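Let's take a friendly walk through a protein model, looking at its side chains. Have the structure open as you read.

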Amino acid sequence: MAAKTQFGSKIGLIAATVGSAVGLGNVWRFPAETQANGGAAFLIIYIICICLLGIPVMLAEFALGRGTGKDALGAFRKLAPRKRWWLTGALALLASYLILSFYMVVAAWTLEYLWQSVTGDLYTVSKTGVESIDMSFRMKMNEYISESWRPLIATFVIIGINIFVLMKGVQKGIEKMSNIMMPVLFMLLLIFAAVSLSFPKAGEGLAYFFHPDFSKITPAVVINALGQAFFSLSLGMGILITYSAYFPKKTNLITTAVTVSALDLVVALLMGIIIFPAVMTFGLDGESLEGATLVFVTLPEVFSSMPLTRLWSSLFFLLLLVAALTSTISLAEVSTAYAVEKLGWKRKKSCLAVMLPLFPLSALCSLSQGVLNHIRILGQNIFDFFDTIATNLMLPAAAILTCIFIGWIIPRKYFRGELTNHGKTNKLITKAVIWVVRYPAPILIAVILVAKMLE
């Protein structure tokens, strides 16, 4: 049973949990959100949201998982067996699965760009006859993602990698992968940060990122910073409940949450240090650093202007692929753990039951960028619709219900006992965390939900 499985070491526990939080949300969404919301002003609000709200809500999910030893749905069912709060876990599980279906496609694009960087094919754009190199990279991106077979094959390869890791289990699969991938990710981030700091206009980029203009702080900036904080920590997805069920009972939840959040924040800061000096130096600061455009257009422009273009491009897309895989594997584990726990299946059978439907589902997301783009749901293609409904609506709703459940529905002594490790943690900190989860957290997440619905 999944509840009897535990991470094998403290380092493995931290690496796996950090890997579940660190992913595409940090590597490409954070720089884009920072640029769109005023630079350093956004960064300050983001850090405050991580510390004052993100960590307490993370602790709520940790308490549900570690305390019950159950999957994302089973934790609610165990603590409220005759009530329908298990629907909160079901909502988180469904959201994670929808996100997984299109994250597989994004990871596939990353794999293709890594391959094209290694071969050098990505940088043949200058020979296309198009005057603007920016337009050349945009055309290359649009042509690739709208193709039928190449993105589809890459998507199936990514799903296959996920199946391989997940079938190995928690210790030999997820933990072992995290112990390898997380050091690689941090090493690559440090290398790129050092290179970016050597650029001529690094000072201007750092000033934009670290010197705040407080006049740019608006209610919209605060809402976006809070939303990014929750998304980057993987809250409301069922991931942290699932992973914390694998924590040994002696694990200090507060120390773990602070460590995971700090490392998650370090990744975001390193990405800012990498991106903003680069875009300033190469005259790209006027461009909109949207997620896909930043990764597949703006950064290839930067690499094309640097010596050793193929090397830096290959290393960056390797970094992005590592981030993508840590995201997809942790998302897939939510449903896999449920199948093991609830249905009583062996791990390999559960893994296949979860992953095989992704072949057609992710194929739909991939093809919706091209031949199936005419299929619209509420005005959006399938890929964008899954993104919108899962990240903007289902995740905030699951996070709100989780806070209400652990803050108001179950006995307060349960949450307090998990936080204090039954007497081993400062009571003042415990009281503060419980207060945040009961009052400001659900209210502010509800504000995000309403704001996203009104967009």
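## A nonpolar patch on the surface

Let's begin on the outside of this predicted model. Four residues, Trp 149, Ile 153, Val 157 and Ile 161, come together as a nonpolar patch on the surface. Their combined accessible area is about 410 Å².

Take Val 157 from that group: you will find it in helix α7, which covers residues 149–167. Its relative accessibility is 38%, so Val 157 counts as partly exposed.

## Aromatic rings in pairs

Now turn to the aromatic rings. How many aromatic pairs does a search of the whole structure find? The search finds 33. In one pair, Trp 85 and Phe 405, the ring centres are 5.4 Å apart and the planes meet at 45°, so this pair is tilted. Trp 85 belongs to the loop between α4 (74–79) and α5 (86–119), while Phe 405 belongs to helix α17 (residues 382–409), so the pair ties together parts that are 320 residues apart in sequence. Are these two residues buried or exposed? Both Trp 85 and Phe 405 are buried.

Another pair, Phe 199 with Phe 282, is edge-to-face, with 5.3 Å from centre to centre and 80° between the planes. This pair also links distant parts of the chain, 83 residues apart. Phe 199 sits in the loop between α8 (169–197) and α9 (202–210), and Phe 282 sits in the loop between α12 (253–281) and α13 (291–304). Phe 199 has 13% relative accessibility and counts as buried, whereas Phe 282, at 24%, is partly exposed.

## A cluster, and charges over rings

Ring pairs can also join up into a group. One such cluster includes Phe 102, Tyr 103, Trp 109, Tyr 113 and Tyr 144, among others. Phe 296, Phe 303 and Trp 312 are also among the members of this cluster.

Some rings have a charged partner. Arg 29 places its charged end over the ring of Phe 231, 4.3 Å from the ring centre. In the same way, the charged end of Arg 438 sits over the ring of Trp 408, 3.6 Å from its centre.

## Cysteines without a bond

A disulfide is a covalent bond between the sulfur atoms of two cysteines. How many disulfides does the structure hold? The number is 0.

Why does Cys 51 have no such bond? The closest cysteine sulfur, in Cys 49, is 9.5 Å from the sulfur of Cys 51, which is too far for a bond. For Cys 365, the closest cysteine sulfur is in Cys 351, 19 Å away, again too far. Cys 51 is partly exposed at 41% relative accessibility, whereas Cys 365 is buried, with a relative accessible area of 0%.

Note on methods
Residues numbered from 1 in each chain as written. Predicted model: local features only at pLDDT ≥ 70, side-chain atom pairs only at ≥ 80, totals over all residues. Heavy atoms only, no water. Phe/Tyr/Trp six-rings, centres within 6.5 Å; stacked < 30°, edge-to-face > 60°. Helix = DSSP H or I, 4+ residues; strand = E, 2+ residues; numbered from the N terminus. Buried < 20%, exposed > 50% of the residue type's maximum accessible area, 1.4 Å probe, protein only. Lys NZ or Arg CZ within 6 Å of the ring centre and 35° of its normal. Patch = residues over 30% accessible without salt bridge, like charges linked within 9 Å, V, L, I, M, F, W, Y side chains within 5 Å. Areas by Shrake-Rupley, 256 points an atom, 1.4 Å probe, with all protein chains shown as cover. Salt bridge = Lys/Arg side-chain N within 4 Å of Asp/Glu carboxyl O. Disulfide = S-S within 2.5 Å.
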